[in-house]
Amino acid sequence: MDLTIATRQAAGRTVMSVAGEIDVYTAPRLREEITELVAAGTYDLVIDMSEVEFLDSTGLGVLVGGLKKVRAHDGSLQLVCNQDRLLKIFRITGLAKVFVIHQTAEAALAAT
């Protein structure tokens, strides 16, 4: 399966809606998108993963790398994830304590 990424502005933040699989083959594209946004001065990101069907360790690495990039500019990277199988990955790896994870994009945008 492929990876689709759509970017929009909402509540002063950039929302990246990601759908498909984030794996060793598609993760570089996500990394590139995040890198381009940060290079363009976007430091407050919400990555909506509600349509992501698969996430592997390469994808987790890209998300952690993105978090480091925005934090270097005092920014934030929040995730929208409401699928138990993906949330389990974040819990098992300990990344549920690293990322702010919301159930919906609306909840992420309402958070400060």
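1. Contacts across the sequence. In this predicted model, 65% of the contacts between residues at least 6 apart in sequence join residues that are at least 24 apart. One pair that illustrates such a separation is Phe90 and Leu60, which stand 30 residues apart in sequence while their C-alpha atoms are 8.5 Å apart in space. A pair of another kind is Pro28 and Glu51, where a sequence separation of 23 residues goes with a C-alpha to C-alpha distance of 18 Å.

2. Order of elements. The chain contains four helices and five strands, and, read from the N terminus, these follow one another as β-β-α-β-α-β-α-β-α. The loop between β1 (3-10) and β2 (13-22) holds Ala11, and the loop between α2 and β4 holds Asp74; both residues are taken up again in point 7.

3. Overall dimensions. For 112 residues a compact globule would be expected to have a radius of gyration near 13 Å, and the chain, at 13 Å, agrees with that expectation. Along the principal axes, the C-alpha atoms fill a box of roughly 30 × 25 × 20 Å.

4. Surface, burial and charge. Of the 112 residues in the chain, 44% are buried, while the accessible surface comes to about 5,800 Å², with carbon and sulfur atoms contributing 52% of that area. The side chains include 11 that are positive and 14 that are negative, and the centres of these two sets are separated by 8 Å.

5. The two faces of helix α3. Which residues of α3 (residues 84-93) are buried? They are Leu86, Leu87 and Phe90, and because they span an arc of only 100° around the axis, they lie on the same side of the helix. The face of α3 turned away from this buried side carries Asp84, Arg91 and Ile92, which are exposed. The cover over the buried residues of α3 includes strand β3 (44-55), helix α2 (57-71), strand β4 (76-80) and strand β5 (100-102). After the helix comes Gly94, with a positive phi near 85°.

6. Phe90 as a point of contact. Phe90 belongs to helix α3 and has a relative accessibility of 0%, so it counts as buried. Once neighbours within four places in sequence are set aside, the contacts of Phe90 are Met49, Leu55, Leu60, Leu63, Leu79, Cys81, Leu95, Ala96, Phe99 and Ile101. A reader following these contacts in the model may wish to set them beside the elements that cover the buried side of α3, which include β3, α2, β4 and β5.

7. Positive phi outside glycine. Two residues deserve a look at the backbone level. Ala11 has a positive phi of about 50° although it is not a glycine, and, with a relative accessible area of 61%, Ala11 is exposed. Asp74 likewise is not a glycine and has a positive phi, in this case of about 60°; its relative accessible area of 75% makes Asp74 exposed, because the cut-off for that class is over 50%.

8. A proline within a helix. Where does Pro28 lie? The residue is found in helix α1 (residues 27-39), and its relative accessible area of 38% makes Pro28 partly exposed, because this value falls between the limits of under 20% for buried and over 50% for exposed.

Technical notes. Residues are numbered from 1 along each chain as its sequence is written. This is a predicted model: local features need pLDDT of at least 70, side-chain atom pairs count only at pLDDT 80 or more; totals for chains, interfaces and linings use all residues. Side-chain values use heavy atoms; hydrogens and water are left out. Helices (H or I, at least four residues) and strands (E, at least two) are DSSP runs, numbered from the N terminus. The radius of gyration is taken over C-alpha atoms; the globule rule is 2.2 Å times the number of residues to the power 0.38. Buried means under 20% relative accessible area, exposed over 50%, partly exposed in between (1.4 Å probe, protein chains only). Contact means heavy atoms within 4.5 Å. Accessible areas come from the Shrake-Rupley method with a 1.4 Å probe; for residues, only the protein chains shown count as cover. Lys and Arg count as positive and Asp and Glu as negative; His and the chain ends are not counted. The place of a charge is taken as NZ of Lys, CZ of Arg, CG of Asp or CD of Glu. The arc is that of the directions from the helix axis to the C-beta atoms.
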